[in-house]
Amino acid sequence: ISAGPYYPFAYDSNSHTLYVGATYVVLAIDAITDEIKKVIHLEDVARAIGLEPWQFIYINATGMVYNPQENYLYIGHLDSSFVSIYDLTNDLFLPQVIPMKGFFPQFLFASDDYSKVYVMNIRSDSISVIDVNSKTEEKVIDLHSYLPEP
């Protein structure tokens, strides 16, 4: 399982697939037969963006969202503060990552219509808002901004 106190998972109710993040892989588990049916290697993120795995820190899947409209998995990566996108239809990472302005993305959640993905950045006390259409971080919500000035 992923290093640290992370328990990343996402579920596709149509295919009955549970995706579980770990340090170097994401496991796709068939929830009917209780068997691992696919292993997604996180090192492939580096290759998708034109690098070798030794050139890029890709480890620690710390949060995930499954988007049924795209059949994509959005995967938060702890150490590098980015979100990668895995295309489940074509079994490959998209050749783009979404860099976060916040540090240590841990939990990912989608809006009801899947137009936005919210990323809780635990080291910067912020929430990144990803626009799903453009695949970019459109806003960072500073959790301390509500505090009145002293």
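Which pattern does the protein follow when read along the sequence? In this predicted model, in which residues are numbered from 1 along each chain as its sequence is written, local features need pLDDT of at least 70 and side-chain atom pairs count only at pLDDT 80 or more, whereas totals for chains, interfaces and linings use all residues. Side-chain values use heavy atoms, with hydrogens and water left out.

Along the sequence the pattern is β-β-β-β-α-β-β-β-β-β-β-β-β, with one helix and 12 strands in the protein (DSSP runs numbered from the N terminus, helices being H or I of at least four residues and strands E of at least two). The radius of gyration, 15 Å, is close to the 15 Å that the globule rule gives for 150 residues, so the protein is as compact as a globular protein of that length; this radius is taken over C-alpha atoms, and the rule is 2.2 Å times the number of residues to the power 0.38. Along the principal axes, the C-alpha atoms fill a box of roughly 55 × 35 × 30 Å. Of the 150 residues, 44% are buried (under 20% relative accessible area, with exposed meaning over 50% and partly exposed in between, for a 1.4 Å probe and protein chains only).

Four strands form an open sheet in the order β1-β2-β3-β4, with antiparallel pairing, where two strands pair if DSSP finds at least two bridges between them. The edge strands, each pairing on one side only, are β1 (9-12) and β4 (35-41). Strand β1 is joined by four bridges to strand β2 (residues 17-21), and the two run antiparallel; within this pairing, Val20 of β2 is the bridge partner of Phe9.

Outside these four strands, His77 lies in strand β6 (residues 72-77) and, at 0% relative accessibility, counts as buried. The side chain of His77 reaches the backbone oxygen of Tyr58 at 2.8 Å, and a polar contact of 2.7 Å joins the side chains of His77 and Ser84 (a pair of N or O atoms within 3.5 Å; within protein, one must be able to donate a hydrogen and the other to accept it, and residues adjacent in sequence count only if both atoms are side-chain atoms). Both Tyr58 and Ser84 also appear among the residues in contact with His77 once its neighbours within four places in sequence are left aside, together with Leu42, Val45, Ile59, Asn60, Thr62, Phe82 and Pro105, contact meaning heavy atoms within 4.5 Å.
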